[in-house]
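User: I'm new to reading protein models and I'd like a close look at one part of this one. Could you pick a helix, show me what it rests on, and then work outwards from there?

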Amino acid sequence: MGLLENKARARLFYKYLSRVYDRVNPFIWNEEMRAEALSLLSFPEDATVLDVGCGTGFGTAGLLEHVDHVYALDQSPHQLEKAYAKFGKQGPVSFHLGDAERLPFASNTFDVVWSSGSIEYWPRPVRTLREFRRVLVPGGQVLVVGPNNPNNTVVRKLANAIMLFYDAEEADRMFDAAGFEDVDHTLMGPSYDPDIAITTVGRAPE
Ligand SMILES: C[S@@+](CC[C@H](N)C(=O)[O-])C[C@H]1O[C@@H](n2cnc3c(N)ncnc32)[C@H](O)[C@@H]1O
């Protein structure tokens with residue numbers, strides 16, 4: 001398990017990264033990629049939408065182009081502070097400080113659960129994906145943007161020692177074990193490496 005697949009360490013890491021996150025992020029996860037990921041979802045009218053690991057709200061802002069209100073959760077108070085500064089605490093986003101693995105929501109609540117760039121920090125990804133399934137309505141959609149998986153073998157080995165990286169086969173195994181159906185993957189990335197990241201969509205069983 002990678003060094004940052006540990007909630008306390010990830011929280012500490014984001015205490016510092018939050019200071020520069022919005023300046024660094026566009027080099028690896030940008031508006032074009034976000035639009036492509038959003039296009040993989042269909043938003044029912046008045047959809048209830050949850051953004052898990054919302055960070056400073058980059059994914060949240062994209063979701064707000066499709067719905068009027070988003071529930072957003074992150075375990076880093078420092079990341080959330082940056083998000084509050086953008087959206088306000090009582091605006092179109094209901095923020096929650098909490099753990100992706102223990103979502104503070106009733107079962108069968110959301111039409112869509114979105115999570116971008118967070119899975120690589122979860123110590124138990126399958127358990128967390130099961131938690132997503134719990135809060136989704138039957139037939140509800142999940143979308144998870146995975147990490148940018150380095151092509152270079154040495155860099156990938158190093159990266160794996162830090163956090164989770166996975167391919168389509170591993171994603172199939174995780175989403176299947178979590179009970180999702182109609183699982184599908186799309187590779188995307190910034191222009192300098194357009195296939196570097198895997199995004200997975202699936203549905204909770206009807
Ligand atoms: C790379 S940032 C992604 C932020 C945002 N989703 C985006 O698209 O820019 C990863 C975020 O996941 C959060 N995170 C990591 N592990 C988490 C957990 N177990 N529960 C909730 N949030 C978590 C981190 O605090 C961080 O803000």
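Analyst: Start with helix α6 and what its inner face touches. The buried residues of α6 pack against four elements: the strands β1 (49-52), β4 (110-116) and β5 (136-148), plus the helix α8 (168-177). Bear in mind as you look that this is a predicted model. Helix α6 covers residues 125-135, and its buried residues are P125, T128, L129, E131, F132, R133 and V135. Here's a handy bit of background for reading that list: an α-helix has 3.6 residues a turn, so residues three or four places apart point the same way. Try it on the list: P125, T128 and L129 are in it, and so are F132 and V135.

Now for the strands underneath. They belong to an open sheet of seven strands, in the order β3-β2-β1-β4-β5-β7-β6, with mixed pairing. At the edges stand β3 (93-97) and β6 (181-188), each with a single partner strand, so one side of each has no neighbour in the sheet. On average, neighbouring strands are turned by 15 degrees against each other, direction ignored. Three of the strands in that order, β1, β4 and β5, are the ones you just met under α6.

Let's zoom in on β1. Its residues V49 and D51 point one way, L50 and V52 point the other way, and all of them are buried. On one side, β1 pairs with β4 in the parallel sense over three bridges, and V49 stands opposite V112 in β4. β1 also pairs with β2, again parallel and over three bridges; there V52 stands opposite L73 in β2.

Just before β1 there's an oddity to spot. D46 sits in the loop between α3 (31-38) and β1. This aspartate has a positive phi of about 55 degrees although it is not a glycine. D46 is exposed, with 9 other C-beta atoms within 10 Å. You can find a similar case in the edge strand β6, where D182 lies. D182 has a positive phi of about 50 degrees, and it isn't a glycine either. D182 is also exposed, with 12 other C-beta atoms within 10 Å.

Move along the sheet to β5, another of the strands that α6 packs against. Six bridges join β5 to β7 (residues 197-203), and these two run antiparallel. As a landmark, look for L143, which stands opposite V201 in β7. After β5 comes a loop leading to α7 (153-160), and N149 lies in it. N149 is buried, with 20 other C-beta atoms within 10 Å. Leaving aside its neighbours within four places in sequence, N149 is in contact with R156, F165, I196 and A197. Take A197 from that list: N149 and A197 are 48 residues apart in sequence, yet 5.9 Å apart in space, C-alpha to C-alpha.

At the other end of the sheet order, there's a second helix worth a glance. Helix α5 (residues 77-87) lies across β2 and β3, running at about 165 degrees to β3.

There's a ligand here too. Of the 23 residues around the ligand, G53, G55, F58, S76 and G117 come nearest. The elements that give two or more residues to this shell are α1 (7-17), α4 (58-63) and β2 (70-74). The largest share, three residues, comes from α1. Sorted by class, the shell has nine nonpolar, ten polar and four charged residues.

Finally, step back and take in the whole chain. It has eight helices and seven strands. The radius of gyration is 16 Å, close to the 17 Å that the globule rule gives for 206 residues, so the chain is as compact as a globular protein of that length. Its C-alpha atoms fill a box of roughly 45 × 35 × 30 Å, taken along the principal axes. Buried residues make up 37% of the 206. As for contacts with a separation of 6 or more, 67% of them are between residues 24 or more positions apart. The N149 and A197 pair, 48 residues apart in sequence, is a good one to click on if you want to see what such a separation looks like.

How values were computed. Residues numbered from 1 in each chain as written. Predicted model: local features only at pLDDT ≥ 70, side-chain atom pairs only at ≥ 80, totals over all residues. Near = placed C-beta within 6 Å. Nonpolar A, V, L, I, M, F, W, Y, C, P; charged D, E, K, R; others polar. Contact = placed C-beta atoms within 7 Å. Pairing = 2+ DSSP bridges. Axes fitted to C-alpha atoms, helices over the stretch in contact; angles between N-to-C directions. Rg over C-alpha atoms; globule rule 2.2 N^0.38 Å.
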